[in-house]
Amino acid sequence: MSNVIVCSDLTLGFGPRVVLAGVNLAVAEGEFIGVLGPNGSGKTTLMRAILGLLPPRSGSILVFGKPPPRGNPAIGYLPQLRSRLAGLSLTGRDFIAAAYGGHRFGLPLFGRAAEAAVDRALALVGAEDLAARPLAALSGGEQQRLLLAQALLGRPRLLLLDEPLISLDPPHQAAVVALVRRLQKELGFTVLFSAHELNPLLHAIDRVLYLGGGHAALGTVDEVITPAVLSRLYRTEIEVIRTHGHIFVMAGGHEVEHEAHRHAIGHSDA
Ligand SMILES: Nc1ncnc2c1ncn2[C@@H]1O[C@H](COP(=O)(O)OP(=O)(O)OP(=O)(O)O)[C@@H](O)[C@H]1O
Ligand SMILES: [Mg+2]
């Protein structure tokens, strides 16, 4: 199996701030990777580097074997901040069609080809019925499905989903995870799915990429979600508690995944 993403001694940062340093990892074609880590650990930054929007400070990043160009039609992206949706009066269908005509997918298609592409994306996420309604009138979970349809428009071979579970309740979180997993199995693409909690992703992911303290650890849940690996990433003593099919990452008696994400909830309700 070939690698879709290869980072070699990759360092990313902004000005004097180093976000990730000396990262080495390879993601294979068709993998579903959960991207975890506290606020500011670099989840979004890494996705932007994969999109070619942030050049490496040093080292290299290869996507499909090449340094990533900006505007890569092989990559579908669902960005993290989506409060702008709240004020939009356009329908879900027009929203998705607008992305198709935009610069993100290379050559824009118009007319019947564009209609067919939009229909296909809506059908993939089961949102045909939502598409005629104004975006602003849809629930967070419904909006999330349309955003996923938009990310699928260019028939991506790699999907980058940045915190698609934010502001969703547990049943809707489970539905989004199951939908992405089903599409990934059907269509065979590779997925990076960031989240601030591991448990909703636990049974969908092939491996986990955990970021923290400028470092990254990629491996199976059993390899990465350990006191030794996480204590290094959090720079404090971490306990891992497994119970009833859930895993809790604790420091000093508190769950760090919740503690470390105090401001994360509510973006798309703003
Ligand atoms: N454009 C920018 N200019 C300067 N610093 C930035 C910029 N974007 C991000 N940073 C900084 O880089 C670090 C990593 O940010 P990033 O958004 O990648 O974190 P994250 O893991 O996605 O966090 P969250 O869980 O809050 O989404 C943070 O310290 C952030 O302040
Ligand atoms: Mg982020």
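Q: Two strands pair if DSSP finds at least two bridges between them. In strand 12, what is the bridge partner of alanine 251?
A: Strands (E, at least two residues) and helices (H or I, at least four) are DSSP runs, numbered from the N terminus. Strand 11 (residues 246-251) and strand 12 run antiparallel, joined by two bridges. Across from alanine 251, the partner in strand 12 is histidine 254.

Q: What kind of model is this?
A: Residues are numbered from 1 along each chain as its sequence is written, with chains lettered from A and ligands numbered from 1 in the order in which they are written. Local features need pLDDT of at least 70, side-chain atom pairs count only at pLDDT 80 or more, and totals for chains, interfaces and linings use all residues, since the model is predicted.

Q: How many helices and strands does the chain have?
A: Count the DSSP runs along the chain. The totals are eight helices and twelve strands.

Q: What is the order of the six strands in the open sheet with mixed pairing?
A: Start at the edges. Strand 5 (75-78) and strand 9 (215-219) each have a single partner strand, so one side of each has no neighbour in the sheet. From edge to edge, the order is 5-6-7-3-8-9.

Q: By how much are neighbouring strands of the sheet 5-6-7-3-8-9 turned against each other on average?
A: Angles run from 0 to 180 degrees between N-to-C directions, and axes are lines fitted to C-alpha atoms, for helices over the stretch in contact. For this average, direction is ignored. The average turn is 15°.

Q: Which residue in strand 7 stands opposite valine 35?
A: Strand 3 (residues 32-36) and strand 7 (residues 190-194) are parallel partners with four bridges. Opposite valine 35 stands serine 194.

Q: What angle does the direction of helix 5 make with that of strand 7?
A: Two residues are in contact if their C-beta atoms, placed from the backbone, lie within 7 Å. Helix 5 (residues 170-187) packs on the sheet and touches strand 3, strand 6 and strand 7. Its direction and that of strand 7 make an angle of about 165°.

Q: Which residue in strand 2 stands opposite phenylalanine 14?
A: Strand 1 (residues 3-14) pairs with strand 2 in the antiparallel sense, over eight bridges. The two strands form a hairpin with two residues between them, and glycine 15 in the turn has a positive phi of about 50°. Opposite phenylalanine 14 stands arginine 17.

Q: In strand 4, what is the bridge partner of isoleucine 5?
A: Strand 1 also runs antiparallel to strand 4 (residues 58-63), with five bridges between them. The partner of isoleucine 5 there is valine 63.

Q: Is aspartate 9 buried or exposed?
A: A residue is buried if 20 or more other C-beta atoms, placed from the backbone, lie within 10 Å of its own, exposed if 12 or fewer, and partly exposed in between. Aspartate 9 lies in strand 1 and has a positive phi of about 45°, though it is not a glycine. With 12 other C-beta atoms within 10 Å, aspartate 9 is exposed.

Q: Where is histidine 244?
A: Histidine 244 has a phi near 50°, a positive value in a residue other than glycine. Histidine 244 counts as exposed because it has 4 C-beta neighbours inside 10 Å. Its place is the loop between strand 10 and strand 11.

Q: Which helix gives the largest share of the largest nonpolar core?
A: A nonpolar core is a set of buried Ala, Val, Leu, Ile, Met, Phe, Trp, Tyr and Cys residues joined through C-beta atoms within 7 Å. The largest one holds 72 residues, and Ile33 and Phe193 are among those that touch the most other members. Six residues, the largest share, come from helix 4.

Q: Which element supplies the largest share of the shell around ligand 1?
A: Near means a C-beta atom, placed from the backbone, within 6 Å. Of the 14 residues around ligand 1, those that come nearest include Phe14, Asn39 and Lys43. Strand 2 (17-28) and helix 1 (43-50) each supply at least two residues of the shell. The largest share, three residues, comes from helix 1.
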